[in-house]
Amino acid sequence: MVQMRSRTRRRLTAVTVAAVATAALAACGNAPTATPAAHQMALQPDLIDQAPVASAEEIAQSATAAAIKKRGQLIIGGDLDMPLLSQQNPTTGQTEGFDATLGKMLAKYIIGTPDTKITSLTPEIRETLLKINTVDVVIRIYTITEKRAEQVSFAGPYLTSGQAIATLKTTKNISKPSDLVGKKVAAVSNTTSAAAVQAQAPGAKLTTYNTGAECVSALEQGTADAYVHDLTVLAGAAQLNKKIQVVDSSFTNDPYGIGIRHGDTSFKKFINTWLKKIEDNGLWQAAWKKSLGTVVLGDAPTPPVIGSVAGS
């Protein structure tokens, strides 16, 4: 688990006091203490420089990896406006955050350089873009479920989070899922967030929106009393918007996977091998500490076991 679940509500709320500029995310971060290797790597100026590169023999095991290497660019279905996970720095033009860093490391593993192109997408079109080969992978808080695994294949899981609740700081009567009954709740459509609200607070007045930004606007405009989303996303929103507070730790367990074209078993194995490498050498932990770890206090968590959930 990202271990946000075990952190107190007080810690998450405290980070909303100071909005941190996007550019600071890349430079921020203390060395994780999970392993000596992670500690050493976090002290270096650029994690990407330390990322591994696949051998010719490893590339040859996956036709998809070979095609990406020949093209010279990894096309990622992702996001450019998701703080702490994948957000474009307006000054440098670089995309920063945990998911963005993993995407660059995967590109380097395949191509030899961190050359990526991020295609912004919404949850409704993830499967379609993979099916028609518009993107090579989807790295965008993509929760692994057995139903989704009928349409796409998942490498990983590479991170575990969960659904949580955000409100305006002026809201005092919502602190847990049962408090959502009878309340106006915002969630992003076609996500596990909306499903979690329906399952745990069936009496809530749920309205779905296309993006998280629209959900935050609904809070600010009073058309929603609460906003339910992955805790990783809410932490980023609260960090940048001093009106928002995260009022509860996560109440579900959501494993994130890297989505690929359905049935591409060789590419799935290839990505899982890469994941294991960056976890073993401490790069995963260092990337977490420089992004999500700037909000969640303490050591970097233990990565979830690859292939450990149904659908992976």
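Helices and strands here are DSSP runs, with at least four residues for a helix and at least two for a strand, and they are numbered from the N terminus. Welcome to this structure, which is a predicted model. Its protein chain holds 13 helices and 13 strands, and 54% of its 312 residues count as buried. Below is a short tour, from the whole chain down to single residues.

**The chain as a whole**
- Taking contacts between residues at least 6 apart in sequence, 74% join residues at least 24 apart.
- The protein chain has an accessible surface of about 12800 Å², and carbon and sulfur atoms account for 52% of that surface.

**The largest pocket**
- The largest pocket offers about 550 Å³ of space.
- Its lining is made up of 33 residues, and those closest to the centre of the pocket are Asp81, Met82, Gly212, Ala213 and Val233.
- Several elements each supply at least two residues of this lining: strand 2 (81–82), helix 9 (192–200), helix 10 (212–221), strand 11 (226–230) and helix 11 (231–240).
- Helix 11 gives the most, with four residues.
- Sorted by class, the lining has 14 nonpolar, 13 polar and six charged residues.

**A three-stranded sheet**
- Strand 2, already met at the pocket, also belongs to an open sheet of three strands in the order 2-3-4, with antiparallel pairing.
- Strand 2 and strand 4 (95–96) are the edges of this sheet; each has a single partner strand, so one side of each is left without a neighbour in the sheet.
- Strand 3 (residues 86–88) is joined to strand 4 by two bridges, and the two run antiparallel.
- Across that pairing, Gln88 stands opposite Thr95.

**Strand 1 and its partners**
- All five residues of strand 1 (residues 74–78) are buried, so the strand is mostly covered, where buried means under 20% relative accessible area.
- In a regular strand, side chains alternate between the two faces of the sheet.
- Strand 1 is covered on both faces, with Leu74, Ile76 and Gly78 buried on one side and Ile75 and Gly77 buried on the other.
- Five bridges pair strand 1 with strand 5 (residues 116–120) in the parallel sense, and Ile75 has Lys117 as its bridge partner there.
- Strand 1 also runs parallel to strand 6 (residues 137–138), joined by two bridges, with Ile76 opposite Val137.

**Strand 7 and strand 13**
- Strand 7 (residues 152–161) has ten of its ten residues buried, so it is largely enclosed by the rest of the structure.
- Strand 7 runs antiparallel to strand 13 (residues 254–261), and seven bridges join the two.
- In this pairing, Ser161 stands opposite Asp254.

**Two buried residues to look up**
- Ile59 sits in helix 5 (residues 56–60) and is buried, with a relative accessible area of 6%.
- Not counting residues up to four places away in sequence, Ile59 touches Ala54, Ala65, Ala66, Lys69, Tyr109, Ile110 and Phe270.
- Ile59 and Ile111 are 52 residues apart along the chain, and 9.4 Å separates their C-alpha atoms.
- Thr167 is found in strand 8 (residues 163–168) and counts as buried, at 0% relative accessibility.
- Setting aside neighbours within four places in sequence, Thr167 is in contact with Ile174, Leu219, Asp225, Ala226, Lys243, Ile244, Gln245 and Val247.

Conventions
Residues are numbered from 1 along each chain as its sequence is written. This is a predicted model: local features need pLDDT of at least 70, side-chain atom pairs count only at pLDDT 80 or more; totals for chains, interfaces and linings use all residues. Side-chain values use heavy atoms; hydrogens and water are left out. Buried means under 20% relative accessible area, exposed over 50%, partly exposed in between (1.4 Å probe, protein chains only). Contact means heavy atoms within 4.5 Å. Accessible areas come from the Shrake-Rupley method with a 1.4 Å probe; for residues, only the protein chains shown count as cover. Two strands pair if DSSP finds at least two bridges between them. On a 1 Å grid over the protein atoms alone, a cavity is a set of points where a 1.4 Å probe fits but cannot get out, and a pocket is an open set with protein on both sides within 12 Å along at least five of seven lines; lining residues have an atom within 4 Å of a point. Grid points are joined across faces, edges and corners, and a volume is the space filled by probe spheres set on the points. Ala, Val, Leu, Ile, Met, Phe, Trp, Tyr, Cys and Pro count as nonpolar, Asp, Glu, Lys and Arg as charged, and the others, Gly among them, as polar.
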